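Dear colleague,

Please find below the structure for your review. My notes on its charged pairs and its nonpolar interior follow.

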Amino acid sequence: MATGDSADYGFWKLNRPAFLRRVLERRSPWDLAIVGGGATGIGAAVDAAARGYEVVVLEQSDFGKGTSSRSTKLVHGGVRYLQQGNLSLVIEALKERGLLFQNAPHLVHDLPFVVPNYQWWEAPFYGLGLKVYDLLAGKFGFGRSVLLSREEVLDRIPTLERDGLRGGVLYHDGQFDDSRLLVNLAQTAADHRACLLNYSPVTKLLKDAEGLISGLEFRDEETGLEHRLSARCVINATGAFSDGLRRQDEPDAEPMIAPSQGVHIVLDGSYLPRRTAIMVPHTRDGRVMFAIPWQGHTLVGTTDTPITSPSLEPRPMAGEIDFLLETAAGYLTRRPSRADILSVFTGIRPLVKAGSVANTSSLSREHTITISKSGLLSVVGGKWTTYRKMAEDCIEQAIVLARLEERPCVTRELHIHGWHRDATEPGSLAGYGSDAQFIKSLEAERHDLAEPLHAALPVTGAQVVWAVRAEMARTLDDVLARRTRALFLNVRAAQAMAPAAARLMAQELGKDEAWEQQQLSAFEKIADGFSVAY
Ligand SMILES: Cc1cc2nc3c(=O)[nH]c(=O)nc-3n(C[C@H](O)[C@H](O)[C@H](O)COP(=O)(O)OP(=O)(O)OC[C@H]3O[C@@H](n4cnc5c(N)ncnc54)[C@H](O)[C@@H]3O)c2cc1C
């Protein structure tokens, strides 16, 4: 194995120095160079590496720093698309939901949802619609939908507004932890010899004498040095940032992305005490909205606000928070206020503009793959749930474009890193799947690492150490926002645990106190965007 790292844990750790060495020592072109380390790029890396191709991924910040850590955390067919009559899309997503449940059972769980009914027509209308949802899922179904009486609804959601409540419709969908799945996908790609670099923005596309893309230039953010690599095919998987790279290739390329931001607020778990989510099919602005129990907290979202350009740390607008609070207040007996918000996070949808490009080879209604004249393959749109299908379609195109030897896709049945037979095992480390044993060993070796870093969240020092040793966490933000979900769950608790986490990271990475201080002040700025003034 060429990572240059020992397989102490029975698998190949994500190891940035070893990956960088591999990139710098390589003399022959990579089969594929993928730009972007979100669900789309890492998914494509898993697909290609598992087929045996030589793959490198370059992410400008951390894996999942973009939209892929900021979703509603649902693995779903999309009841909204059902309302729109987009059956083919729903069928595709429901199938992918089933595959993901099978391949990452430690991270994807069945979650019951209730559509509360306050009008007489809602029970037959949504009851029938959700029966269609069950039927479309076929053998990939999670559980049948049923009509519930008023009492049955209140038994599941005792906090629901009782005034005018008639009953509800119960249905099932999938829930997951987006950035943890992304880390596990990166590990799966690495287990198949992919080379992945975070903190490596691609700054230039390289072209040969005929004007065809032959490689790229990237900056190692940790040293500031620029490096080059050559590749038979370069894949643009930069999500909401896709037009930026497309314009590096063709300065007059028509924009494809219409970015729109979605905000979630996080409340404590008492708003939904019994592990059943609320689905509001029609908000004031005609959207679907969810209130979901997640990691002992309550997630309420989302909004849909068009924005002009994407950024890595999008911030919520005051009106978006008010809208979420108002809508939640309409359905909950205890009305949440700004003071009850523990954290707020904002993500940018990489929506593809309708009719934006003439040479689109649309492989699904959801995602779009384009190939520029110089051979830049861009894969945009889609959603987390369908990342595997997007990756399969993308790599099929790349094989033809780069004239690679044809090899079949194997991801339908590929276990994702962490997979294990007893995935229903409870506990705060359950989401680590088969890796939980290594974290438990760390806690047994050093009892100080077994203690939670803050009383409000079950994050321990061992998780911080593990994130650095095996999951390529390089900054405090990586650990507190994406390897653990502290920042997303409770911004104040995350801020309070930051000094202890920074100290542990510095010890692991061999950094000094100045580094710790620099990490703490950078994290404070990021945490500010997850805080709500009241
Ligand atoms: C509010 C919201 C809720 C959602 N909820 C759900 C849900 O519940 N279920 C679901 O299935 N889907 C959901 N989605 C959709 C899903 O999250 C996205 O479709 C998916 O995460 C997009 O992944 P991506 O890899 O394309 O983009 P990203 O995750 O944004 O990744 C792109 C990456 O490219 C990197 N990059 C950009 N430029 C460069 C460069 N020059 N060099 C190197 N790297 C670069 C960025 O840093 C970024 O990390 C939701 C989306 C939003 C916004």
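E221 is partly exposed, because its relative accessible area of 39% falls between the 20% and 50% cut-offs. R219 also counts as partly exposed, at 25% relative accessibility. The side chains of R219 and E221 meet in a salt bridge, with 3.4 Å from N to O. Please bear in mind that this is a predicted model.

Salt bridges that share partners also form a network, which joins D62, K65, R70, E313, D477, D478, R482 and R483. In total, the structure holds 40 salt bridges. As a general point, side chains of opposite charge can pair when their charged atoms come close.

Two further pairs link parts of the chain that are distant in sequence.

The first to mention is that of E54 and R26, whose side chains form a salt bridge of 3.1 Å, N to O. E54 sits in the loop between α2 and β2 (55–58), and R26 in the loop between α1 (16–25) and β1 (30–35); the two residues are 28 apart, and the pair links distant parts of the chain. E54 is partly exposed, since its relative accessible area is 28% and the partly exposed range runs between 20% and 50%.

The other pair is R485 and D178, joined by a salt bridge in which the closest N and O atoms are 2.7 Å apart. R485 lies in the loop between α13 (476–483) and α14 (486–489), whereas D178 belongs to helix α7 (residues 178–191); the pair therefore ties together parts that are 307 residues apart in sequence. Are these two residues, R485 and D178, buried or exposed? Both R485 and D178 are buried.

I turn now to the nonpolar interior. In soluble globular proteins, nonpolar side chains tend to be buried together. The largest nonpolar core here has 68 residues, and the members that touch the most others are L196, L216, L229 and I235. Helix α2 (residues 39–50) is the greatest contributor to this core, giving eight residues. The core draws at least three residues from each of two domains: domain 1 (16–67 + 180–256 + 363–413) and domain 2 (103–175 + 258–359).

Which residues does I235 touch, leaving aside those up to four places away in sequence? I235 touches L32, A33, I34 and V35, together with L377, V379, C394, I395 and A398.

There is also a second, separate core of 67 residues, whose members include L89, F438, V459 and A506.

Yours sincerely

Definitions and conventions. Residues are numbered from 1 along each chain as its sequence is written. This is a predicted model: local features need pLDDT of at least 70, side-chain atom pairs count only at pLDDT 80 or more; totals for chains, interfaces and linings use all residues. Side-chain values use heavy atoms; hydrogens and water are left out. A nonpolar core is a set of buried Ala, Val, Leu, Ile, Met, Phe, Trp, Tyr and Cys residues joined through side-chain atoms within 4.5 Å. Buried means under 20% relative accessible area, exposed over 50%, partly exposed in between (1.4 Å probe, protein chains only). Helices (H or I, at least four residues) and strands (E, at least two) are DSSP runs, numbered from the N terminus. Domain bounds come from an automatic or database domain assignment. Contact means heavy atoms within 4.5 Å. A salt bridge is a side-chain nitrogen of Lys or Arg within 4 Å of a carboxyl oxygen of Asp or Glu.
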